[in-house]
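Subject: The model you asked about

Hi there,

Here is the structure, with the sequence alongside. My notes follow below; I hope they help you find your way around.

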Amino acid sequence: MRILVPLDDSEPARAALEHAFETFPEADVTALHVVNPSVSAYRNDAPYNFPRAVELEEEKAEGLFEMAHEVADEHGRSVETETVVGSPPRGIVEFAEEHDVDGIVLGSHGRSGVSRVLLGSVAEQVVRRAQVPVTVVR
């Protein structure tokens with residue numbers, strides 16, 4: 001069994017990873033971070049530089065993956081890590097389809113304020129679009 005856990009820097013994402021390890025003790029778990037460079041455009045006033053935005057988001061992913069490995073170690077498990085660039089809902093669903101994922105476990109929300117309004121609810125869109133079972137963790 002393969003379980004996909006999308007990660008961002010939110011507490012619900014960490015809770016989703018914990019839930020995946022606890023609920024699916026025999027599954028292979030993959031932590032996925034979707035690099036969404038368009039979000040970086042709302043984070044600063046500098047001219048938008050797509051390659052630099054991707055680079056910054058990939059650097060952030062490294063910290064998320066360190067956390068994922070720590071959580072896996074706490075559960076006596078291992079975790080694979082992957083990064084894709086694009087829209088989070090689309091990236092999550094496409095990754096699941098392309099890698100024969102059996103289920104997705106994701107946090108209920110990762111963003112707040114303006115970016116959440118602009119981007120919509122990732123969890124809601126994944127639930128609607130995914131062809132595999134999706135567990136949403138708060």
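Let me start with Asp100, which is exposed, with a relative accessible area of 58%. By "exposed" I mean over 50% relative accessible area, by "buried" under 20%, and by "partly exposed" anything in between, with a 1.4 Å probe and protein chains only. Asp100 sits in the loop that runs between α4 (88–98) and β4 (103–107). Its backbone stands out too: Asp100 is not a glycine, yet it has a positive phi of about 50 degrees. Most residues other than glycine have a negative phi.

Before the rest, two notes on how to read this. This is a predicted model, in which local features need pLDDT of at least 70 and side-chain atom pairs count only at pLDDT 80 or more, while totals for chains, interfaces and linings use all residues. Residues are numbered from 1 along each chain as its sequence is written, and side-chain values use heavy atoms, with hydrogens and water left out.

**Overall layout**

The protein chain has six helices and five strands. Read from the N terminus, their order is β-α-β-α-α-β-α-β-α-α-β. Helices (H or I, at least four residues) and strands (E, at least two) are DSSP runs, numbered from the N terminus. Of the 138 residues in the protein chain, 43% are buried.

**Salt bridges**

How many salt bridges does the structure hold? There are four, counting a side-chain nitrogen of Lys or Arg within 4 Å of a carboxyl oxygen of Asp or Glu. Side chains of opposite charge can pair when their charged atoms come close.

Arg14 is a good place to look, as Arg14, Glu18 and Glu74 are linked in a network of salt bridges. Arg14 pairs with Glu18, their closest N and O atoms being 3.8 Å apart. Both residues belong to helix α1 (residues 11–23), where they are four residues apart, about one turn of the helix. Glu18 is buried, at a relative accessible area of 18%, whereas Arg14 is partly exposed at 26%.

Arg14 also meets the side chain of Glu74 in a salt bridge (3.8 Å, N to O). Glu74 lies in helix α3 and Arg14 in helix α1, so this pair ties together parts that are 60 residues apart in sequence. Glu74 itself counts as exposed, at 54% relative accessibility.

Another salt bridge joins the side chains of Glu57 and Lys60 (3.6 Å, N to O). These two are three residues apart in helix α3, which puts about one helical turn between them. Is Glu57 buried or exposed? Glu57 is buried, with a relative accessible area of 3%, while Lys60 is partly exposed at 24%.

**More on helix α3**

On the surface, Glu58, Glu62, Glu66, Glu70 and Asp73 gather in a patch of negative charge. Patches here are made of residues with over 30% relative accessible area and no salt bridge, with like charges joined within 9 Å and nonpolar side chains (Val, Leu, Ile, Met, Phe, Trp, Tyr) within 5 Å. One of the patch members, Glu58, has its place in helix α3 (residues 50–74) and is partly exposed, with a relative accessible area of 36%.

Phe65 is also in helix α3, and at 6% relative accessibility Phe65 counts as buried. The C-alpha atoms of Phe65 and Leu32 are separated by 8.7 Å, although the two are 33 residues apart along the chain.

**Around α5 and α6**

Ser121 is in the loop between α5 (113–119) and α6 (122–129). A polar atom of the Ser121 side chain lies 3.2 Å from the backbone nitrogen of Glu124. This is a polar contact, meaning a pair of N or O atoms within 3.5 Å; within protein, one must be able to donate a hydrogen and the other to accept it, and residues adjacent in sequence count only if both atoms are side-chain atoms. Ser121 and Pro89 are 32 residues apart along the chain, and their C-alpha atoms are separated by 8.7 Å.

Gln125 belongs to helix α6 and is buried, with a relative accessible area of 16%. Its C-alpha atom is separated by 8.5 Å from that of Arg90, and the two are 35 residues apart along the chain.

Best wishes

Terms used:
Areas by Shrake-Rupley, 256 points an atom, 1.4 Å probe, with all protein chains shown as cover. Lys, Arg positive; Asp, Glu negative; His and termini not counted. Charge placed at Lys NZ, Arg CZ, Asp CG, Glu CD.
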